Amino acid sequence: MEEIVERLNGVLQRIERACRQSNRDPETVRLLMATKTVDPDRIKIALQSGQRLIGENKIQEVKEKYDALKAVPHESHFIGHLQTNKIKDLLKYGVDCVQSVDRLKLAEKLQQRLTFEEKELDVLLQVNTSGEESKFGVSPEGALELAQKVAGMDRLHIKGLMTIGLFSEDKQKVRLCFQKLKAIRRQLIELNLPGVEMSELSMGMSGDLEIAIDEGATIVRVGTAIFGKRQYPDSYYWKENKK
Ligand SMILES: *Cc1c(COP(=O)(O)O)cnc(C)c1O
């Protein structure tokens with residue numbers, strides 16, 4: 001269990017070092033702990049050591065961990081592929097932000113349910129910057145149109161963009177993904193859509209957070225480097241329902 005705190009400190013040091021090297025204030029980068037497959041006791045240790053932000057990929061896991069975590073102050077983001085039939089549970093179990101809005105249909109269903117429940121929700125638009133089939137996200141070409149449509153939905157507040165970089169040893173290729181996301185943000189800022197903020201860039205994970213920070217990440221999502229290797233391959237989370 002101490003291991004988690006040690007690893008967590010290691011990750012915080014990496015973030016700080018990366019910020020220093022990129023001339024950024026460490027205060028401008030938030031750590032989101034990606035907690036898929038991690039049991040609540042271990043998540044609690046990380047939260048109690050001073051962290052605040054967690055992200056799950058499946059509503060089922062949000063639900064299962066809800067009771068165990070509700071007494072510990074934290075903020076909960078959803079970072080996985082969201083099926084529309086899970087929206088009710090998403091709202092019931094206190095998710096504060098959905099980082100993975102990637103299609104109009106999903107935004108419409110969220111808007112509909114939020115209207116019914118008289119609630120509002122922060123969202124990020126997930127963009128597929130790597131072009132990989134296995135990854136969810138709106139295409140870079142489709143991002144502006146999606147943003148324009150979601151901007152018209154009064155229950156959804158766009159706070160920025162999210163992406164999963166290419167898994168590659170070639171750092172330049174990984175960097176290109178993050179640059180692509182940044183370029184889309186610039187275009188969206190120029191469009192100046194009413195009610196749309198572009199303050200968040202959620203990018204960078206255990207293997208590439210330094211590059212992401214150098215390219216302007218405001219949220220890095222880290223799992224393995226804190227909690228250790230997962231039991232399931234990531235395709236279990238990322239390819240669900242894809243042919
Ligand atoms: C699992 C996951 C992460 C964290 O990945 P690690 O490589 O374990 O740090 C980040 N983002 C998303 C969307 C994830 O599913």
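Visitor: Which of the 13 residues around the ligand come nearest?

Guide: Good place to begin! This is a predicted model, and in it K36, N57, S206, T224 and R230 come nearest to the ligand, out of the 13 residues around it.

Visitor: What lies 2.6 Å from an oxygen atom of the ligand?

Guide: To read a contact like that, look at which atoms are paired. Here a polar side-chain atom of K36 sits 2.6 Å from a ligand oxygen. T224 offers a similar case: an N or O atom of its side chain is 2.5 Å from an oxygen atom of the ligand. With R221, the ligand contributes a nitrogen atom, 2.8 Å from an N or O atom in the side chain.

Visitor: Now the strands. Which strand does β5 join through six bridges?

Guide: Follow the bridges from one strand to the other. Strand β5 (residues 121–126) is joined to β6 by six bridges, and the two run parallel. As an example, V123 has I158 in β6 as its bridge partner. On β6 you can also find a pairing with strand β7 (residues 200–202), again in the parallel sense, over three bridges. There, M162 stands opposite S202 of β7.

Visitor: What kind of unit do β5, helix α6 and β6 make?

Guide: Trace the chain from strand to helix to strand. β5, helix α6 (residues 140–151) and β6 form a right-handed β-α-β unit. Another right-handed β-α-β unit is built from β6, helix α7 (residues 171–191) and β7.

Visitor: Why is β6 largely enclosed by the rest of the structure?

Guide: Count its buried residues, meaning those under 20% relative accessible area. Five of the seven residues of β6 (residues 156–162) are buried, so the strand is largely enclosed. As for how a strand is laid out, side chains in a regular strand alternate between the two faces of the sheet.

Visitor: Is L201 buried or exposed?

Guide: L201, in strand β7, is buried, because its relative accessible area is 0%. Leaving aside neighbours within four places in sequence, its contacts include L161, L181, K182, R185 and I219. H81 is 120 residues from L201 along the chain, and their C-alpha atoms are 18 Å apart.

Visitor: Which residues touch the most other members of the largest nonpolar core?

Guide: Look for the best-connected residues. In this core of 65 residues, they are L90 and L110. Not counting residues up to four places away in sequence, L90 touches I59, F78, L82, V95, V98, L110 and L121. A second, separate core has eight residues, among them L32, A34, I79 and L124.

Methods
Residues are numbered from 1 along each chain as its sequence is written. This is a predicted model: local features need pLDDT of at least 70, side-chain atom pairs count only at pLDDT 80 or more; totals for chains, interfaces and linings use all residues. Side-chain values use heavy atoms; hydrogens and water are left out. Buried means under 20% relative accessible area, exposed over 50%, partly exposed in between (1.4 Å probe, protein chains only). Helices (H or I, at least four residues) and strands (E, at least two) are DSSP runs, numbered from the N terminus. Two strands pair if DSSP finds at least two bridges between them. A crossover is right-handed if, with the strands pointing away from the viewer, the path from the first strand over the helix to the second runs clockwise. A nonpolar core is a set of buried Ala, Val, Leu, Ile, Met, Phe, Trp, Tyr and Cys residues joined through side-chain atoms within 4.5 Å. Contact means heavy atoms within 4.5 Å. A residue is near a molecule or strand if one of its heavy atoms lies within 4 Å of it. A polar contact is a pair of N or O atoms within 3.5 Å; within protein, one must be able to donate a hydrogen and the other to accept it, and residues adjacent in sequence count only if both atoms are side-chain atoms.
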